[in-house]
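Q: Can you walk me through this one? I'd like to go chain by chain and then see how the chains meet.

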Protein chains: 4
Amino acid sequence: MLELKVPHGDDLAALAGAAPVFLSYVLSFVYVAIYWNNHHHFFHLVRRVDGSMLWANLHLLFWLSLIPFATAWMGENRFAPVPTAAYGIALVMPALAWQVLQFAIIRTHGRDSALAQALGRDLKGKLSPLLYLTGALLAFVDAWAAGTVYVVVALMWLVPDRRIERMVGRA
Amino acid sequence: MLELKVPHGDDLAALAGAAPVFLSYVLSFVYVAIYWNNHHHFFHLVRRVDGSMLWANLHLLFWLSLIPFATAWMGENRFAPVPTAAYGIALVMPALAWQVLQFAIIRTHGRDSALAQALGRDLKGKLSPLLYLTGALLAFVDAWAAGTVYVVVALMWLVPDRRIERMVGRA
Amino acid sequence: MLELKVPHGDDLAALAGAAPVFLSYVLSFVYVAIYWNNHHHFFHLVRRVDGSMLWANLHLLFWLSLIPFATAWMGENRFAPVPTAAYGIALVMPALAWQVLQFAIIRTHGRDSALAQALGRDLKGKLSPLLYLTGALLAFVDAWAAGTVYVVVALMWLVPDRRIERMVGRA
Amino acid sequence: MLELKVPHGDDLAALAGAAPVFLSYVLSFVYVAIYWNNHHHFFHLVRRVDGSMLWANLHLLFWLSLIPFATAWMGENRFAPVPTAAYGIALVMPALAWQVLQFAIIRTHGRDSALAQALGRDLKGKLSPLLYLTGALLAFVDAWAAGTVYVVVALMWLVPDRRIERMVGRA
């Protein structure tokens with residue numbers, strides 16, 4: 001899915017020049033892995049599959065399929081403002097699609113299902129699109145600020161769930 | 001399967017220039033998703049798999065495998081007449097291959113099978129290749145007319161089945 | 001797996017120029033489909049999987065993975081002698097790897113197994129590498145002669161099995 | 001996953017020019033096949049899957065996903081020192097990630113599990129990262145020396161397990 005271009009030249013400078021592309025690749029790999037992991041855990045609790053869930057799933061897949069494109073555009077342009085903002089938008093869309101998918105699944109399974117219970121208030125899920133949007137806006141001010149926001153959201157999902165959930169719940 | 005080229009340049013103009021490629025991508029993603037979804041539903045009812053079904057399936061896969069090619073050609077040439085017509089033909093072929101696959105499956109399962117019943121008269125399936133062909137011919141008159149036909153067929157399949165079926169049945 | 005390059009230009013001449021690439025694509029798609037189909041049928045009868053079978057399978061996969069490369073080289077060079085001969089060699093290798101895989105499977109299952117019986121004398125399997133080699137040699141004389149041999153072997157596998165087997169058996 | 005570029009030109013010289021790219025491709029195909037094979041065997045004995053195992057698995061997948069990149073860089077630069085050393089590092093990382101995955105799995109299953117027994121002291125697994133690192137350092141002295149080390153490690157894994165294990169055990 002994600003692609004990594006081979007640098008021109010055969011020395012360390014060529015490798016160093018590929019650093020922005022590589023950083024973008026790492027970040028997107030982590031995001032896709034988080035979706036893959038959450039998808040795996042979430043669908044483990046799904047009992048019934050209907051048409052709206054299949055379409056919500058394909059809708060999510062559509063936005064995820066744009067991430068490699070946004071990743072390459074940001075990396076190849078060394079975190080220039082517009083591509084870095086576009087990357088943030090490319091993260092907002094699957095985050096919203098994930099919310100739509102959750103809604104479709106919970107509607108079918110009921111608010112009292114094990115699935116709805118496991119999800120709880122889902123603060124991280126609701127906070128993430130807002131943070132991505134903040135990152136996208138910050139891209140026009142400072143590329144590093146935008147990048148930091150993107151990395152922080154990734155870390156927020158990487159750190160074991162319950163502890164962070166409680167922390168965010170308190171904050 | 002579908003590919004999206006990274007635009008040259010790092011500003012909004014570069015992104016806007018990628019609009020035709022992006023529109024083609026969205027349209028083809030929807031078509032492939034519809035096939036994937038229908039395939040999933042249809043094969044759910046399949047009880048026996050024989051050689052002719054396997055070959056009819058690979059025949060369908062062959063024509064589907066050409067869609068990314070036709071998509072890129074149309075998008076990169078900004079809906080020029082010949083590529084836009086070729087895209088229509090690239091949609092006619094899997095639509096016909098789908099009819100062949102249906103025929104192979106129903107022959108094995110019998111006209112009275114749950115599968116044949118679920119399919120009904122399949123007006124949408126029989127209408128689609130004719131509409132794609134109309135779109136392909138319109139491409140030589142006006143790109144937007146052709147595009148509108150392609151979008152209408154996609155919407156015809158996206159809207160929940162029974163209602164549209166009844167509407168088309170009445171018309 | 002197989003790739004089809006988007007032609008430069010937006011007219012019928014551009015499409016016609018892509019004909020050799022397209023023909024190569026069709027031929028290779030058919031070959032890969034035949035392998036996929038036979039693999040599916042054959043492994044349906046496999047009862048035990050051991051290490052040698054896994055490696056023989058990966059060995060087959062290696063040679064199959066080179067077919068897209070040989071296909072593109074032949075198509076992009078419009079059936080020039082060396083690429084057309086290389087394509088023949090690229091077909092010889094998986095055909096031999098298939099024989100090795102069959103041998104590994106039959107050794108484990110025994111000469112009297114349903115699998116060994118289903119295979120019979122396997123005249124087509126033994127004839128194919130020789131025919132591909134003939135095609136590769138003919139490529140230096142005439143591209144069409146080589147192409148004809150490649151198409152004939154594909155047809156030999158596409159036509160329902162038993163009849164052809166009997167025909168070849170008689171000849 | 002791995003990609004093989006089509007050579008420019010249609011003669012034997014063009015094919016010969018692609019030799020370094022092809023050699024890199026073969027080597028990496030073998031490495032990926034070994035990982036795939038070991039992964040298959042190892043997970044066959046896994047009884048419980050938990051979060052840390054899923055993440056350790058994705059971590060391994062990340063480093064494996066860089067191998068095509070390192071392979072192409074080394075091949076296209078005809079085994080120049082820096083790309084050849086980078087290739088060695090690209091092999092060190094998944095080898096370490098494999099150790100982390102093993103550790104995560106054994107921690108869950110216990111030191112007395114069939115899985116831990118099957119693994120034994122795992123001399124090959126512990127030796128491999130050291131050998132890859134040696135190869136990476138040798139790349140700055142002589143490309144062939146580095147290549148030889150990479151090939152030897154591949155062979156060490158290809159040869160049936162127990163015999164080599166005993167040999168290395170004695171040495």
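A short run of questions and answers on the chains and their contacts follows.

Q: What should I know before reading any numbers?
A: This is a predicted model, in which local features need pLDDT of at least 70, side-chain atom pairs count only at pLDDT 80 or more, and totals for chains, interfaces and linings use all residues. Residues are numbered from 1 along each chain as its sequence is written, and chains are lettered from A and ligands numbered from 1 in the order in which they are written.

Q: OK, chain A. How many helices and strands are there in it?
A: Chain A has eight helices and zero strands. Helices (H or I, at least four residues) and strands (E, at least two) are DSSP runs, numbered from the N terminus. From that end, the order is α-α-α-α-α-α-α-α.

Q: What does its C-alpha trace span?
A: About 60 × 35 × 25 Å along the principal axes of chain A.

Q: And what percentage of chain A is buried?
A: Buried residues are 33% of its 171 residues. A residue is buried if 20 or more other C-beta atoms lie within 10 Å of its own, exposed if 12 or fewer, and partly exposed in between, with C-beta atoms placed from the backbone.

Q: What about contacts within chain A?
A: Among contacts in chain A with a separation of 6 or more, 72% are between residues 24 or more positions apart. Two residues are in contact if their C-beta atoms, placed from the backbone, lie within 7 Å.

Q: Switching to chain D. How far does helix α2 reach?
A: Helix α2 of chain D covers residues 19-44, which is 26 residues, and reaches 37 Å from its first C-alpha to its last. That is close to the expected 38 Å, where the expected span is 1.5 Å times one less than the number of residues.

Q: Which residues of α2(D) are buried?
A: Among them are D:Tyr25, D:Phe29, D:Ala33 and D:Leu27.

Q: What do those buried residues pack against?
A: The buried residues of α2(D) pack against α3, α4 and α7 (143-158) of chain D, and also against α3 (51-76) of chain C.

Q: So how many residues meet between D and C?
A: 10 residues of chain D are in contact with 12 residues of chain C. On the chain D side, α1 (12-17) and α2 each give two or more residues, and α2(D) has the largest share, with three. By class, that side has seven nonpolar, one polar and two charged residues. Here Ala, Val, Leu, Ile, Met, Phe, Trp, Tyr, Cys and Pro count as nonpolar, Asp, Glu, Lys and Arg as charged, and the others, Gly among them, as polar.

Q: And between D and A?
A: That contact takes 12 residues from chain D and 10 residues from chain A. On the chain D side, α3 (51-76) and α4 (81-109) each supply at least two residues. The largest share, seven residues, comes from α3(D). The classes on this side are 10 nonpolar, one polar and one charged.

Q: Which chains do not touch?
A: Chain A and chain C do not touch, and their nearest C-alpha atoms are 13 Å apart. Chain B and chain D do not touch either, with nearest C-alpha atoms 13 Å apart.

Q: What turn lays D on C?
A: A turn of 90° with a shift of 0.0 Å along the axis lays chain D on chain C, with an RMSD of 0.0 Å. The two copies are therefore related as by a four-fold rotation axis. Copies are superposed by least squares on the C-alpha atoms of residues with pLDDT of at least 70 in both.

Q: Which residue of chain D comes closest to the axis?
A: D:Met1, with its C-alpha at 6.6 Å from the rotation axis.
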